[in-house]
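Please load the model and set the viewer to a cartoon with side chains available on demand. The stops below say what to select and what to look for there.

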Amino acid sequence: MRFEDSEIYRMLVSGPDHEEITADHLDRSDTTQCAAAAKVRAVTGSEMAGNHAGQANEALFNSPFGFDVSNDGSIWVADTENHCVKTISPNLSVVVTVATAAGGLKSPTGVAVCRATKCCYVADVQTHCIHRIHQDGQVDIIAGERDTAGYQESDGGNTSRWDMPWAVALSPSGDLYVADRQNHLIRKVLLSRGVPPPAPTHCTADTDTTSIATHHHPEGPDVAGRDEEAIETIAGGGLGMGMGVGVMGGGVVAQCATETVAGILGQPGCEDGDPSKAKFNSPSALAVAPDGAVYVSDIASNRIRKISADGREVLTLPGLYKGALGLDIDAHGRLYIANTEAKQILRYDPRAGQVDTVCGVDLVKPTGIRVDSTSGVLFIADLHAFKAITVTKSLPPTPPTLNMDLANLLCQDAEDTFSDVTFLAEGREFMAHCAIIAQRCPKLKDAINHSDGKPVALEVSYKCLVSALFFLYTDRCIVDQTTQHDLLAFADRYDVCRLKCLVEEYMLKRVNLDNVLETLRTAHRCHADRLKKACIKIVIRHFAILQGKIPSSGLAELPELLTELILSMPKLITPKLGRPLSSLQASPAPHCTDTPPSKVDTDKAAPHAKSRPQVQQSASTSTAGTASGSAMSLWEWFCTRSGSGSGIGSAGEGEA
């Protein structure tokens, strides 16, 4: 039986306003942080610009921007200033040119490889088009009017127009997101509705378009691994031998339908909200998360923007980024950012809401990044070269099972769990394991040793016992309003410090004017100093409201606490006593007069600052028999001398 399916677990979570507090509340260390000193290694290219394919150690690039990694590990590169697209083989040893200016490219900046169709989609900022490179080497245009900037959507029967489409990214549904930079829009090529067939090999720019064919190709994990053979053929040089790409590159086919996703045409800005009213300013990089959310580098505003997975809201992530030209997301939803001008790679974890530095050294001008989640390698286009960093910590390990394995031992099946000790609470027995208890709670170990093999009786509620043992087994604490006081007392009595801290965390978030006095009393008895200080501050700040409740709150049983509360009052109030408080502790209950009941003349000039040690000493030496009466006499006299308390609240706010 699993613990979370057991009656025990259902009992623990059945209480009002229950919350499970884990050790993460105390231990803030993030084991998935990347090392800032990650070692950068060269892959291909150099810091010198050039145009050469062949062996990786001899290849040269000229300002490559976007690139993408296919299923087999081949890297498709938009070699921008060389007006071509190249591939780097899966073993990173060979570079091949697959499409050139002769094929119609001018300044390719964005690349996305489709797993299903094995086609490479290329955004070209000078042709103002979205090009498609087929696995057989054919190049055609699926969106845009060649060399014509502008804006126009297509329904599939007409030609769309773009103004410097800079970056592309495929969505899980197979559509192609495009950062239309100079239009300040995020747009989409609706590949999922159907894609045009390849242009005929004899086609030219003036040739009539063919009809659109329906070839759906959803992008997703189910199609992974289908393009190894085709990609390997391309990387091996089939395209580099010249296959009529010049003619095919001028080919025009029936275009895909398009639509605007977010932004206002021709209105740059950085405004969030409804996508149709949000504003972008020169969007230049895209990344699509596994859940469908779209991240955008809004380069002119130095911001990273997010379009929600449902497409209903645009948000701005915290922080400023310096010319971020590259974005990518790993398999677990973490966003990698090429912070170009700052010469660093950052990683944003949306679940933790924090940004880590992956690499801040050995980079010149990082413009593009891709994470190979299979190998845990981050590839970087850095000026004219390609580099790599191993970021294995970006891949969380398989979730550990030890925690729940131990919790399952509490399911009260003696034969399966080999329990060897029994605890007794409220007349009910609960089986446990001596080895775990002995290691986690030495005081309970002593109780077991003195039990002579009989059930160990504990003066706690049964539910409190179960919750405490659950913490001892798993380092997790499930607490609710019915167990909070008992659990704090248990943790104090048996010296379970981490449990005490976790219960304090729960109670601190729920202290209010209705329960502050009860919580203060419990915190004092259980030596929960952090909780007690918080409660005292609340009492001081709201003294006018709480003053009348204090005599019936039970604080009379705790003269040390009552004295500590009085001494914590703002200096504006406590100097009115005009004498050491210690004499009041030992004196009988005074009548409510304008002067203290004894030693008025001799102690009248005693500095108030010197009275505090005497109060503490008196509190520790006074007998239990007179403590209650003396404490309340002190309180009654204090209330009389300080008036109705109308001025205490405001003074308390200033001091606290």
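**A tour from one buried leucine outward**

Begin with L465 and show its surroundings: leaving out residues up to four places away in sequence, L465 touches F423, A425, F430, L458 and V460. Bear in mind throughout that this is a predicted model. L465 belongs to helix 8, which spans residues 462-474. Because its relative accessibility is 0%, below the 20% limit for that class, L465 counts as buried. If you also select E426, you will find a residue 39 places from L465 in sequence, with a C-alpha to C-alpha distance of 9.9 Å.

Next, colour the largest nonpolar core, a set of 67 residues in which F3, F423, F490 and L499 have the most contacts. Helix 8 supplies the largest share of this core, with ten residues. Among the residues just named, F490 deserves a selection of its own: apart from neighbours within four places in sequence, F490 is in contact with L444, L458, V460, C464, A468, V496 and L499. A second core, separate from the one around F490, has 20 residues, and A169, A262, L286 and V294 are among them.

Return to F490 and extend the selection to helix 9, residues 484-493, which is mostly covered, with seven of its ten residues buried. Which residues of helix 9 are buried? They are Q484, H485, L487, L488, F490, A491 and D492. To see what lies over them, display helix 7 (442-449), helix 8, strand 31 (477-479), helix 10 (497-508), helix 11 (516-525) and helix 12 (529-541), which are included in the cover of the buried residues of helix 9. Following helix 9 is D495, a residue to check in a Ramachandran view, since its phi is positive, near 55°.

Now select the cysteines. How many disulfides does a search of the whole structure find? The search finds zero. C501 is in no disulfide, and the nearest cysteine sulfur, belonging to C497, is 6.9 Å away. C501 is partly exposed, because its relative accessible area of 29% falls between the 20% and 50% limits. C441, by contrast, has a relative accessible area of 1% and is therefore buried.

Move on to helix 14, residues 559-567, another mostly covered helix, in which seven of nine residues are buried. The buried residues of helix 14 are P559, L561, L562, T563, L565, I566 and L567.

For a change of architecture, select strands 21 to 24, which form an open sheet of four strands in the order 21-22-23-24, paired antiparallel. Its edges are strand 21 (324-329) and strand 24 (354-359), each of which pairs on one side only. Neighbouring strands of this sheet are turned against each other by 25° on average, with direction ignored. Inside the sheet, zoom in on strand 22 (residues 335-339) and strand 23 (residues 344-349), whose antiparallel pairing runs over five bridges. To locate one of these positions, pick L335, whose bridge partner in strand 23 is Y348.

Finish at residues 69-91, where UniProt, in an unreviewed entry, places the feature "repeat: NHL". Where does this stretch stand in secondary structure, and how far apart are its end C-alpha atoms? Over residues 69-91 the chain is 0% helix and 48% strand, and the end C-alpha atoms are 12 Å apart.

Terms used
Residues numbered from 1 in each chain as written. Predicted model: local features only at pLDDT ≥ 70, side-chain atom pairs only at ≥ 80, totals over all residues. Heavy atoms only, no water. Helix = DSSP H or I, 4+ residues; strand = E, 2+ residues; numbered from the N terminus. Buried < 20%, exposed > 50% of the residue type's maximum accessible area, 1.4 Å probe, protein only. Contact = heavy atoms within 4.5 Å. Disulfide = S-S within 2.5 Å. UniProt positions renumbered as here; feature names shortened; annotations may be inferred. Pairing = 2+ DSSP bridges. Axes fitted to C-alpha atoms, helices over the stretch in contact; angles between N-to-C directions. Core = buried A, V, L, I, M, F, W, Y, C linked by side-chain atoms within 4.5 Å.
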